[in-house]
Amino acid sequence: MSQRMGTKLFISRLSFFTTTEQLKDLFSPFGVITEANLVLDPRTRRPKGFGFVSYESEIQAEKAIKAMNGRIVDGRLIFVEPAKVE
């Protein structure tokens with residue numbers, strides 16, 4: 001039985017100055033984004049350097065991983081992987 005990847009991606013090592021809008025723009029060429037959000041520090045309300053992007057289909061999510069994992073964005077090497085769902 002093969003494991004399904006899912007449509008939600010975890011993006012780490014983002015610049016602390018990345019906005020949700022920039023995250024959407026960065027990942028929109030690979031498919032229709034249903035949700036994009038950055039994790040914020042509760043005290044400072046600034047991004048912590050990681051976030052999530054969800055696509056309509058697994059195929060779109062796979063394309064995004066192949067294209068964006070290990071790329072340099074805003075001078076930082078980012079990692080993109082399927083989000084772990086529990």
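Which residue of β6 does L9 stand opposite? Select L9 and look across to the neighbouring strand: the residue facing L9 is P82 in β6. Before going further, keep in mind that this is a predicted model.

**Stop 1: strand β1 and its partners**

Now widen the selection to the strands themselves, β1 (8-12) and β6 (79-82). They pair in the antiparallel sense, with four bridges between β1 and β6.

Next, add β3 (47-55) to the view. β1 pairs with β3 as well, again antiparallel, and here there are five bridges. Two residue pairs make good labels for this pairing: I11 has G51 of β3 as its bridge partner, and S12 is matched with F50 of β3.

**Stop 2: the β2-β3 hairpin**

Keep β3 on screen and select residues 33-40, which make up strand β2. β2 and β3 run antiparallel and are joined by six bridges. To see one position in this pairing, pick I33, which stands opposite Y55 in β3.

Then follow the chain through the turn. β2 and β3 form a hairpin, and six residues lie between the two strands. Click on R45 in that turn and check its backbone: phi is positive, about 65 degrees.

**Stop 3: helix α2**

Move on to residues 58-68, helix α2. Colour E58, Q60, A61, A64, I65 and M68, the buried residues of this helix. They sit on the same side of α2, because they cover an arc of only 160 degrees around the axis. Turn to the other side of α2 and you will find I59 and K66, both exposed.

What lies over the buried residues? Show β1, α1 (20-27), β3, β4 and β6, which are among the elements that cover the buried residues of α2. You have already visited β1 and β3 as a pair, so this is a good moment to display them together with the helix.

Just past the helix, select G70: it follows α2 and has a positive phi, near 85 degrees.

**Stop 4: a nonpolar surface patch**

For the last stop, select I72, which belongs to strand β4 (residues 72-73). Is I72 buried or exposed? It counts as exposed, because its relative accessibility is 60%, and the cut-off for that label is over 50%.

Add L77 and F79 to the selection and switch on a surface. Together with I72, these residues form a nonpolar patch on the surface, with about 260 Å² of accessible area for the three together.

Methods:
Residues numbered from 1 in each chain as written. Predicted model: local features only at pLDDT ≥ 70, side-chain atom pairs only at ≥ 80, totals over all residues. Heavy atoms only, no water. Patch = residues over 30% accessible without salt bridge, like charges linked within 9 Å, V, L, I, M, F, W, Y side chains within 5 Å. Areas by Shrake-Rupley, 256 points an atom, 1.4 Å probe, with all protein chains shown as cover. Salt bridge = Lys/Arg side-chain N within 4 Å of Asp/Glu carboxyl O. Buried < 20%, exposed > 50% of the residue type's maximum accessible area, 1.4 Å probe, protein only. Arc of directions from axis to C-beta. Contact = heavy atoms within 4.5 Å. Pairing = 2+ DSSP bridges.
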